[in-house]
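User: Please take a close look at how one pair of helices packs in this model, and add a note on one internal cavity.

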Amino acid sequence: MMYGIALLHGMVFYGPISALYRQAHGLTISQITVMEGISLALCIFLEVPWGMAADRIGYKKTFGSCCWIYLVSKIVFWQAQGIGWFLAERIMLSVVTAGISGVDASILYLSSREGTSQKVFGIYTGMQMAGLLAASCIFAVFVGDDYALSGLLTVFSYGTAALLSCGLVEVKPKAAKREGQKAGKESVGAGLKAALGNKSILFFLIASALLSEIHQTITVFLNQLQYEKCGLDSSAMGYIYIAAVLMGTAGRYSPCLTRKAGLKGSLALFCGSAMASCLILGRAEHALPSVSGILLLRMSNTFFVPFQMELQNRQISTSDRATALSAHAMVMDGVAVVTNLAFGFLAERGLPLAFFFGMGICFVSLVLFRMWYEGEGRKL
């Protein structure tokens, strides 16, 4: 059921032109990144309360309700005109993101056989990418410049996902659920202390957030501006997007790569490849190196995400898993707020500045991963 929902949630038909879609409806790139920052800031305030609520009422109810709010947000996006509507959509998305954050990973982790969770996470993210692939193919062949149709088709896919969420079953053990009810009466500060008591994990979370935000900002927003700069049209962007999404379906093979490279080697590989991608994009003036840089960044992130989710879940000792993961997400969202504002500010002054900033972030991420590894990482 979770794989099916991931597939449908991945079917964002306006994905190849998401930034252009917003610009066509009255937004500037700086407004887009500011709204992204507002959305992430709201996530920070909602993360832990949502996590504690999930541990109290159960993962099925939490995830299901978020799927329905997700549907409403896509309806608003489809009908949006101007900054007010798009801001409302981002606010609803913040509620959903904070609600699902940690809950989907908890459902998958508790449903997995021992030693298979990284592969399960890889398949889950792969299904999201498969949904994106299907949507991108339809966009390239049938949708093209019909932005309204791309929004409507997305509403249909998210509506189906909301219906499918009604068939989920509760996987949180009853004993742990009772503990979650007690935890719901505790302060948010106590929940944060339990989840972030070890300082070393903060290095891991900040490093992971930096690496993830580089991928998110560049492959979702800045890539389209880079493609336009190189003279590519919407149709070409659609086909490139298909190639990028196709790479994103390879997450199930993440365990094979990380097993061979080892923990320390894998982290160096992911940071190094992202750094190389930013360097290529910062210097690129033509389509081929631009596309190569984006695809390299996408492939690196495809293998990184299941690995990061596995390591993150291994470091949780409390039974209130959703609360702990939400506390982790709050830290990561805080990092994302800062990076989004910085990327938007620099991109308006020149895309190369934004890409070279991403390169610097990659180096910081590598240093933080090294500090985490020397502390707690080598014990995993």
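Analyst: An angle over 145 degrees counts as roughly antiparallel, with angles running from 0 to 180 degrees between N-to-C directions. The model is predicted, so local features need pLDDT of at least 70 and side-chain atom pairs pLDDT 80 or more, while totals for chains, interfaces and linings use all residues. Numbering starts from 1 along each chain, and side-chain values use heavy atoms, without hydrogens or water.

Helices α4 (residues 59–79) and α5 (residues 83–100), as DSSP runs (H or I, at least four residues), have axes, fitted to C-alpha atoms over the stretch in contact, that come within 9 Å and cross at roughly 165°. The two helices are therefore roughly antiparallel. Their crossing is left-handed (the near helix turned anticlockwise from the far one by less than a right angle). Contact (heavy atoms within 4.5 Å) involves T62, F63, C66, I69, Y70, V72, S73, K74, V76 and F77 on α4, met by W85, F86, E89, M92, L93, V95, V96, G99 and I100 on α5. This set comprises 14 nonpolar (Ala, Val, Leu, Ile, Met, Phe, Trp, Tyr, Cys, Pro), two charged (Asp, Glu, Lys, Arg) and three polar residues (the others, Gly among them).

As for cavities (sets of 1 Å grid points where a 1.4 Å probe fits but cannot get out), there are three of 30 Å³ or more. The second largest holds about 60 Å³, as the space filled by probe spheres set on the points. Its lining (residues with an atom within 4 Å of a point) includes P16, N223, Y241 and R298. Helices α11 (199–229), α12 (234–248) and α14 (287–314) each supply at least two lining residues. By class, seven of this cavity's lining residues are nonpolar, three polar and one charged.

Technical notes:
Angles under 35 degrees count as roughly parallel, over 145 as roughly antiparallel, 65 to 115 as roughly perpendicular and the rest as oblique. On a 1 Å grid over the protein atoms alone, a cavity is a set of points where a 1.4 Å probe fits but cannot get out, and a pocket is an open set with protein on both sides within 12 Å along at least five of seven lines; lining residues have an atom within 4 Å of a point.
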